[in-house]
Amino acid sequence: MSIAENKQQMVHLASKLGIPLSESDKELLFLQLDKINIVDMLPEMLVMVRSLKAGKTFSYKRKPIDTIEKGLMFSFQNIISESITGKASTKELLHARPHVRITPLHLEGKVTFPKGINITQVTILIELSYLKNFIGQDQNKFEYLFNDEKTLLIEEFMSPTMADVINDIAGNPAGRILPEAYCKLKALQLLYLLFKNLSERKQMPHQSLRSDEIEAVYKVRDRIASSLDNPLQQNELTSISGMNALKLRKLFTQVFGKGIYEYYQHLRMQEAARLIQQEHLSVSEAGYQLGFSNLSYFGRLFEIHFGMKPKKWSVQNRL
């Protein structure tokens with residue numbers, strides 16, 4: 001596909017996502033588009049696949065999406081932290097961690113393209129009744145997703161299996177038989193994997209979120225992620241969020257499915273795995289860099305998260 005055709009596809013995709021983008025926008029010059037694909041199965045579902053990297057960091061404000069009257073957007077974003085010119089900055093990597101985000105279509109938001117990071121994203125817009133039918137008799141476990149009078153935002157970590165499916169969807173469809181049917185099948189597989197993870201979350205009442213509350217929770221998350229070698233104190237986090245401790249813990253768990261300290265430890269283990277696999281640090285070097293003075297505790301925590309001791313994991317997974 002030519003550069004011009006890619007730009008046209010990007011503008012078409014952006015319009016579906018509520019982003020006011022035109023072919024004349026200068027920011028498009030900074031996007032290196034590897035793949036853009038839209039599979040239209042409306043009114044039930046729309047699947048969009050994009051693979052790109054940006055030459056500079058920039059953002060667009062996303063307006064409410066009216067492609068589907070009542071529905072949800074599932075954004076599966078896989079990341080390969082390979083910079084165009086050297087390593088991406090810590091701030092850019094914070095905004096580009098592999099994740100899945102669920103938002104109602106009426107929620108405004110911000111779409112950020114971080115500099116120097118390869119992003120493969122599968123976005124699924126799905127109508128609520130179609131999603132309920134897909135989930136079937138277990139839909140009552142996820143009732144908080146189907147109340148379209150509330151404003152919610154759910155974020156889940158990207159599992160390796162999800163990442164594999166995303167890369168499969170983004171692969172070359174030219175040689176496939178029934179490529180649209182294949183894309184639909186894989187999109188439903190992603191939803192199944194996601195709801196399997198969500199079903200393991202602790203059941204809790206979900207309250208409607210204001211935009212300032214969402215912003216505050218993400219400020220706390222980003223601050224935690226930028227200080228993995230030194231846990232922040234509760235008073236620092238409440239100061240950042242502008243909330244009291246009880247409300248912050250509740251909303252943080254509602255969005256991310258983990259308590260603040262549990263989330264912090266999970267990020268540390270993900271970073272430890274990255275340092276061992278991609279930066280070729282030894283197990284002890286990774287542990288010390290992340291603030292662990294007790295390497296035995298580091299090893300036990302790593303084993304809890306990855307199912308094996310870090311030295312064995314490093315042998316099997318080092319690039």
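Rings of Phe, Tyr and Trp, the last represented by its six-membered ring, are taken to pair if their centres lie within 6.5 Å. In the predicted model described here, ring pairs of this kind link Phe292, Tyr297, Phe298, Phe302, Phe306 and Trp313 into a cluster. One member of this cluster also takes part in a contact with a charged side chain, since arginine 268 lies over the face of phenylalanine 292, at 3.7 Å from the ring centre.

The chain as a whole contains 12 helices and eight strands, and 49% of its 319 residues count as buried. Among the contacts in the chain with a separation of 6 or more, 75% are accounted for by residues 24 or more positions apart.

Aromatic pairs number 16 in the structure. One of them is formed by phenylalanine 142 and phenylalanine 195, which meet edge-to-face with 4.9 Å from centre to centre and 85° between the planes. Phenylalanine 142 lies in the loop between α3 (128-135) and β8, whereas phenylalanine 195 belongs to helix α5 (residues 179-198), so this pair ties together parts that are 53 residues apart in sequence. Both partners fall under the 20% limit for burial: phenylalanine 142 has a relative accessibility of 4% and counts as buried, and phenylalanine 195, at 7%, counts as buried as well. A further pair involves phenylalanine 252 and tyrosine 263, whose ring centres are 5.3 Å apart and whose planes stand at 90°, so that the arrangement is again edge-to-face. Because phenylalanine 252 lies in helix α8 and tyrosine 263 in helix α9, the pair ties together parts that are 11 residues apart in sequence. Phenylalanine 252 and tyrosine 263 are both buried.

Helix α8 comprises the 12 residues 245-256 and reaches 16 Å from its first C-alpha to its last, close to the 16 Å expected at 1.5 Å a residue. At its N-terminal end the helix is capped by asparagine 244, a side-chain oxygen of which lies 3.2 Å from the backbone nitrogen of leucine 246; beyond the other end, α8 is followed by glycine 257, whose phi is positive, near 75°. The buried residues of α8 are Ala245, Leu248, Leu251, Phe252, Gln254, Val255 and Phe256. An α-helix has 3.6 residues a turn, so residues three or four places apart point the same way. The cover over the buried residues of α8 includes β8 (154-157), α6 (211-225), α7 (234-241) and α9 (260-277).

Two of these covering helices can be described further. Helix α9 has 18 residues, which at 1.5 Å a residue should span 26 Å, and its end C-alpha atoms are 26 Å apart, in agreement with that expectation. Burial extends over most of α9, with 13 of its 18 residues buried. Helix α6 holds aspartate 222, which counts as buried because its relative accessible area is 17%, under the 20% cut-off. The side chain of aspartate 222 makes a polar contact, at 2.9 Å, with the side chain of arginine 221.

Among the strands, β7 (residues 118-127) is mostly covered, nine of its 10 residues being buried. Strand β2 (residues 45-54) runs antiparallel to β7 and is joined to it by eight bridges, with serine 51 standing opposite threonine 120 in β7.

Terms used:
Residues are numbered from 1 along each chain as its sequence is written. This is a predicted model: local features need pLDDT of at least 70, side-chain atom pairs count only at pLDDT 80 or more; totals for chains, interfaces and linings use all residues. Side-chain values use heavy atoms; hydrogens and water are left out. Helices (H or I, at least four residues) and strands (E, at least two) are DSSP runs, numbered from the N terminus. The expected span of a helix is 1.5 Å times one less than its number of residues. Buried means under 20% relative accessible area, exposed over 50%, partly exposed in between (1.4 Å probe, protein chains only). Contact means heavy atoms within 4.5 Å. A polar contact is a pair of N or O atoms within 3.5 Å; within protein, one must be able to donate a hydrogen and the other to accept it, and residues adjacent in sequence count only if both atoms are side-chain atoms. Rings of Phe, Tyr and Trp (its six-membered ring) pair if their centres lie within 6.5 Å; planes under 30 degrees apart count as stacked, over 60 as edge-to-face and the rest as tilted. A charge sits over a ring if NZ of Lys or CZ of Arg is within 6 Å of the ring centre and within 35 degrees of the ring normal. Two strands pair if DSSP finds at least two bridges between them.
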